[in-house]
Amino acid sequence: MASLDPATLKGLSEDVLDEKLRAFANEHGAGALPALSGLAERAADRAVRRAAKRALYRLSQRGVAPAPAPPAAPVVRRGTPHAARAWLSGIDGSGSRAAWILFEGAYGGGALCSLILNDVVGITEVAGGDITKRRLEAELASLRAAQKLPWIETEPARALGLVAEALELHRQRGTSPPASFGRWQPFFAEIAPGGPPPVRASDPAFAERSVELLGLPEMAGWFLDPETVQSDALDLQEARESRLVVSDQIKAERREAILAHVIEREFTPEARRRWSRRFAVFADDQAALARHPLARGLAQRALELAGEVAAGRLRAADVSRKP
């Protein structure tokens, strides 16, 4: 790189400066650009700065010019949007749960994606938009006060994985999420489905008490779809009201056979996969499931409700488990 000593130029007349810098530019061509640019911008002597600018102009007339300066960095640097926080509700009896995911990035602002995820059909509802921290805290407080199901903060990766699972369900079923999901689609483009939770070894004592969970308010909607066991409920009612004189043992065996048939028919491998996301016990094989108190309780509740529908005491729409 050619150089010039500013000290040797100090005090020279403008004519001499022009001649000296012209000769320097002719000799070094593009190699003279850094030195001339430095003089034009930073030389203490005003005459030197003017002469350097004239030399640069003459070079530009010959097609020799400095590369354009890179654009100035923005005062606020744009970040890559990422999931910063997430919240999940418990799962209701139809297999639906709410998910909130707070994305940060862009220019440091926040955008809240609110979804309803169903383990049968995928994404059923989408809402959200830009949100401030103050409004987010207010919305969370309001939600906790009104939410009937448990509502907890979770790792963002967990919530992202559940949304990816829902999108995979849409792909398998040949369906699409609501149109309003389009805004959020890019946020999930590279996210893999979360996969089932780890299954711990079951404790027989806990298994026996698991049916007690059905007495909790948030579990009131947990049962098989009564519509699918309507005929079984009628068989059960017929067995109870039969005029045939049979022993209590035979009646109990008949009720047990109906219940076992419902569990075997309704908890298919695909259904067990879905239900295992709600309770890990449903990952067990079907033989073990037929004896599990919780599975039996869910089937029994469905049979009772189907009987109430058949008797006209309940509307089928009020107890349907269809998402």
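A nonpolar core is understood here as a set of buried Ala, Val, Leu, Ile, Met, Phe, Trp, Tyr and Cys residues joined through side-chain atoms within 4.5 Å. In this predicted model, the largest such core has 29 residues, and those with the most contacts inside it are Trp222, Phe267, Phe282 and Leu298. At least two residues of this core are supplied by each of helix 8, helix 9 and helix 12 (293–310). Helix 12 gives the largest share, nine residues. Separate from this assembly is a second core of 21 residues, whose members include Leu88, Ala99, Ala111 and Leu160.

The aromatic residues add a further layer of description. Across the whole structure, a search finds eleven aromatic pairs. One of them joins Trp275 and Phe282 in a tilted arrangement, with 5.4 Å centre to centre and 50 degrees between the planes. Both Trp275 and Phe282 are buried. The ring of Trp275 also has a charged partner: the charged end of Arg278 sits over this ring, 4.2 Å from its centre.

An aromatic cluster is formed by Phe103, Phe181, Trp184, Phe187 and Phe188. Within this cluster, Trp184 likewise has a charge over its ring, as the charged end of Arg183 lies 4.6 Å from the ring centre.

The surface offers another feature. Leu244, Val246 and Ile250 make a nonpolar patch of about 280 Å². Leu244 is located in the loop between helix 8 (230–241) and helix 9 (248–266). Because its relative accessible area is 62%, Leu244 counts as exposed. The loop that carries Leu244 thus lies between two helices that each supply at least two residues to the largest core.

Key: Residues numbered from 1 in each chain as written. Predicted model: local features only at pLDDT ≥ 70, side-chain atom pairs only at ≥ 80, totals over all residues. Heavy atoms only, no water. Patch = residues over 30% accessible without salt bridge, like charges linked within 9 Å, V, L, I, M, F, W, Y side chains within 5 Å. Areas by Shrake-Rupley, 256 points an atom, 1.4 Å probe, with all protein chains shown as cover. Salt bridge = Lys/Arg side-chain N within 4 Å of Asp/Glu carboxyl O. Helix = DSSP H or I, 4+ residues; strand = E, 2+ residues; numbered from the N terminus. Buried < 20%, exposed > 50% of the residue type's maximum accessible area, 1.4 Å probe, protein only. Phe/Tyr/Trp six-rings, centres within 6.5 Å; stacked < 30°, edge-to-face > 60°. Lys NZ or Arg CZ within 6 Å of the ring centre and 35° of its normal.
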